[in-house]
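Here are my notes on this model, point by point. Please read them with the structure open.

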Amino acid sequence: MWIRLRQIAVTTADLAQTSADIQCVLGVEPCHTDPGVGVFGLKNVLWPVGTQFLECVTPVQDNTTAGRYQARRGGDTGYMVITEIDDFATRREHLDELGIRIITDMDYPDEGFRGMQMHPVDTGGAMFEMDQMVGPDGGTVGGPWWPAGGYWEPYVRTEMVSGIAAAELQSPDPQRLAERWSQIAQIDLETDADGHPTIPIDNAMLRFVPEADGRGEGLGGIDVTTVDRDAVLAAARARDCYVNDSQVTLAGLRVNLVD
């Protein structure tokens, strides 16, 4: 079985400003808005980052899950780690054995899509989603991805960044959280050069670090593969998103620039 990082979701209070930050700093172009998220009281925008995606959602009504999560974490924040898998039924059986509750079960046969969002209380860290594309070319690297619509490829821009290399989850007890996600993903833990527990998935890394920003457990950052670091940093300074020459901040996420 394989598992790939396909999409990162963030939630924001100001979709227009956050969208402008993302587009300017990363040099990406929006490819899709999904009216289906309206049932959750949200609106969204997606951008391709190579053949992966960054999604930003914002609440458009009171008392949404995303809005409550923003309030708990003190503002714009990482929200979801969305993966693509090759065997939905086997993964679902494993999650049932672990007692992981599924809060959203998605089955869209006409779109060739099957997906499940896990209860964050059962996973810890962030909302963890596993999806399978079962239609034509489903499962191919860089293949169809229904959450981004059926016509996202023309909007890929890789002049500044070309992919998402890691998701960084923070916790007061990163080892405990890493062990839980390792159990869910069915991949053994490794340790990176800085001593952080990591889960190597097919196209990226899940990294677990101590919570040090006072915002609690959650999706604290991502790594992006940088094509033109100088352009990213110049845009980050212009948008007041600059942290240092290796990091910018977008939608409450630490965005680490890697080569």
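1. A definition comes before the cavity. A cavity is a set of grid points where a 1.4 Å probe fits but cannot get out. Its volume is the space filled by probe spheres set on those points. Keep in mind that this is a predicted model.

2. The cavity. The structure holds one cavity of 30 Å³ or more. About 40 Å³ of space lies in the largest cavity. Its lining consists of Val10, Ile22, Leu26, Leu54, Ile222, Leu250, Ala251, Leu253 and Val255. By class, that lining has nine nonpolar residues, with no polar and no charged ones. Helix H1 and strand E15 (253-258) each supply at least two of the lining residues.

3. The largest pocket. Its volume is about 610 Å³. The lining counts 30 residues, and Val37, Phe40, Met106, Gln117 and Glu129 lie nearest the centre. Many elements take part: strand E1 (3-11), E2, E3, helix H2 (65-73), E4, strand E5 (102-108), strand E6 (113-118) and E7 each give at least two residues. E5 provides the largest share, four residues. The lining divides into 18 nonpolar, seven polar and five charged residues.

4. The second largest pocket. Here the volume is about 350 Å³. It is lined by 17 residues, and those closest to its centre are Tyr69, Arg72, Pro120, Val121 and Ala126. H2 and helix H4 (120-123) each supply at least two lining residues. H2 gives the most, with five. By class, this lining has seven nonpolar, five polar and five charged residues. H2 is also among the elements that line the largest pocket.

5. Thr77. This residue lies in strand E4 (residues 77-85). Is Thr77 buried or exposed? It counts as buried because its relative accessibility is 0%, and the cut-off for buried is under 20%. The side chain of Thr77 makes a polar contact of 2.6 Å with the side chain of Arg73. Beyond its neighbours within four places in sequence, Thr77 is in contact with Val10, Thr11, Tyr69, Gln70, Arg215, Leu219, Ala251 and Gly252. Val10 and Ala251 also appear in the lining of the largest cavity. Tyr69 is one of the residues closest to the centre of the second largest pocket.

6. Glu55. Find it in strand E3 (residues 52-59). At 8% relative accessibility, this acidic side chain's residue counts as buried. Glu55 and Gln7 are 48 residues apart in sequence, yet their C-alpha atoms are 7.1 Å apart in space. Gln7 is also among the contacts of Glu55, together with Ile8, Ala9, Val10, Asn44, Val45, Leu46, Trp47 and Ile82, leaving aside neighbours within four places in sequence.

7. Asp223. Its place is in strand E12 (residues 218-226). With a relative accessible area of 9%, Asp223 is buried. Which side chain does the side chain of Asp223 meet in a polar contact? The partner is Asn256, at 2.9 Å. Not counting residues up to four places away in sequence, Asp223 touches Gly163, Ile164, Ala165, Ala166, Arg207, Asn256 and Val258.

8. Arg207 and Glu168. These side chains meet in a salt bridge, 2.8 Å from N to O. The pair links distant parts of the chain: Arg207 is in strand E11 (residues 204-210) and Glu168 in strand E8, 39 residues apart. Both ends are buried, Arg207 at 12% relative accessibility and Glu168 at 9%. Arg207 also touches Asp223.

9. Other salt bridges. The structure holds 16 salt bridges. In one of them, Glu29 pairs with Arg157, and the closest N and O atoms are 2.8 Å apart. This pair also links distant parts of the chain, 128 residues apart. Glu29 sits in the loop between helix H1 (15-26) and strand E2 (42-49), and Arg157 in the loop between strand E7 (127-133) and strand E8 (161-171). Glu29 is partly exposed at 27%, and Arg157 is partly exposed at 29%. Arg237 and Asp245 form another salt bridge, at 3.4 Å. Arg237 is partly exposed at 48%, and Asp245 is partly exposed at 43%. Salt bridges with shared partners join Arg92, Asp96, Asp105, Asp107 and Arg114 into one network.

Conventions. Residues numbered from 1 in each chain as written. Predicted model: local features only at pLDDT ≥ 70, side-chain atom pairs only at ≥ 80, totals over all residues. Heavy atoms only, no water. Buried < 20%, exposed > 50% of the residue type's maximum accessible area, 1.4 Å probe, protein only. Polar contact = N/O pair within 3.5 Å; in protein donor to acceptor, adjacent residues only side chain to side chain. Contact = heavy atoms within 4.5 Å. Salt bridge = Lys/Arg side-chain N within 4 Å of Asp/Glu carboxyl O. 1 Å grid on protein atoms, 1.4 Å probe; cavity = no way out; pocket = protein on both sides within 12 Å on 5 of 7 lines; lining within 4 Å. Nonpolar A, V, L, I, M, F, W, Y, C, P; charged D, E, K, R; others polar.
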